[in-house]
Amino acid sequence: MNAAVLFGLGTMISWGFWIALGNIASSTMDPETAAFVSYATAAVATGVYVVASDASLAVTNRGLVFAGAAGIAAAIGVVSTFIGVTVGSTSVVSTIGGMYFITAAVIGIIAFGESVTLTKVAGIGLALTAIVIINQ
C-alpha cells in the first residue's frame with residue numbers, strides 16, 4: 001500500500017472519530033465552545049508534531065495568507081459541523097460535510113484551471129445525488 005493511500009485512510013478514520021466525538025461534545029456543552037476546544041487541541045497537537053517531526057518553520061507571505069484563509073474556512077466548517085450535529089442527524093451532517101471534495105474540485109477547475117473531464121463531472125454528479133438521497 002502506498003503512502004498516499006495510508007495517509008488517506010488515516011484522514012478518513014481520523015475525521016470519522018472527530019465528528020463522532022464532536023457530536024458527543026456538542027451534546028454536553030455549547031457546540032461553539034466544543035468546536036473551539038477541538039481546534040485549540042488540534043492546534044497544540046499539530047504544533048507538537050511540527051516540532052517533533054523537524055519540519056521547516058520557514059514561512060512565506062503568500063503561504064501565511066493562504067494558511068490563514070484555510071484556517072478561517074476550517075473554523076467555519078468546524079463550527080458548522082458542531083452546531084449541525086446538535087440540530088440534526090450526525091449521519092446527514094457528516095455525509096454532506098464529507099462531500100467537501102465537490103467544493104475543492106470546483107475550485108480546482110475554476111481557480112486553478114484543472115481540466116473538466118467526464119469522470120470528474122460524473123463523480124461530482126454522483127456525490128450530489130448522494131446528498132439528495134441521504135436527506136430523504
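Hi everyone. A helix, for this talk, is a DSSP run of H or I with at least four residues, and helices are numbered from the N terminus. With that in hand, let's look at the structure, which is a predicted model.

First, the overall picture. The chain has 6 helices and 0 strands, so counting from the N terminus under that definition of elements, the order reads α-α-α-α-α-α. The C-alpha trace spans about 40 × 40 × 35 Å along its principal axes. Of the 136 residues in the chain, 15% are buried. If we take contacts between residues at least 6 apart in sequence, 72% of them join residues at least 24 apart.

The UniProt record, an unreviewed entry, places the feature "transmembrane region" at residues 6-26, 33-52, 64-85, 92-112 and 118-135. Let me pick out two of those spans in the model. Residues 33-52 are 100% helix and 0% strand, with end C-alpha atoms 28 Å apart. Residues 64-85 are likewise 100% helix and 0% strand, and there the end C-alpha atoms lie 31 Å apart.

Now to the inside. Which residues form the largest nonpolar core? There are 8 of them: W18, I19, A34, A35, V78, F82, V85 and V93. At least two residues of this core come from each of α1 (3-28), α2 and α3. The largest share, 3 residues, is from α3. A35 is a good place to zoom in: leaving aside residues up to four places away in sequence, A35 touches V78, V79 and F82. There is also a second, separate core of 5 residues, and M99, I102, I124 and I131 are among them.

On to the pockets. How much space lies in the largest pocket? About 670 Å³. Its lining has 23 residues, and those closest to the centre of the pocket are W15, W18, G97, G98 and Y100. Four helices, α1, α3, α4 (90-97) and α5 (100-112), each supply at least two residues of that lining. The largest share comes from α1, with 7 residues. By class, this lining has 13 nonpolar residues, 10 polar and no charged ones.

The second largest pocket has a volume of about 400 Å³. It is lined by 15 residues, and closest to its centre are W15, W18, S38, Y39 and A42. You'll recognise W15 and W18 from the largest pocket, and W18 from the largest nonpolar core too. Helices α1 and α2 each supply at least two residues of the lining of the second largest pocket, with α1 giving the most, 9 residues. The classes here are 9 nonpolar, 6 polar and no charged.

One last stop, at D54. Where does D54 lie? In the loop between α2 (31-52) and α3 (61-87). Its phi is near 65°, a positive value in a residue other than glycine. That is worth pointing out because most residues other than glycine have a negative phi. And is D54 buried or exposed? Exposed, because its relative accessible area is 71% and the cut-off for exposed is over 50%.

So, to take away: 6 helices and 0 strands, a largest nonpolar core of 8 residues, and two pockets whose linings have no charged residues. Thanks for listening!

How values were computed. Residues numbered from 1 in each chain as written. Predicted model: local features only at pLDDT ≥ 70, side-chain atom pairs only at ≥ 80, totals over all residues. Heavy atoms only, no water. Buried < 20%, exposed > 50% of the residue type's maximum accessible area, 1.4 Å probe, protein only. Core = buried A, V, L, I, M, F, W, Y, C linked by side-chain atoms within 4.5 Å. Contact = heavy atoms within 4.5 Å. 1 Å grid on protein atoms, 1.4 Å probe; cavity = no way out; pocket = protein on both sides within 12 Å on 5 of 7 lines; lining within 4 Å. Points joined across faces, edges and corners; volume = space filled by probe spheres on them. Nonpolar A, V, L, I, M, F, W, Y, C, P; charged D, E, K, R; others polar. UniProt positions renumbered as here; feature names shortened; annotations may be inferred.
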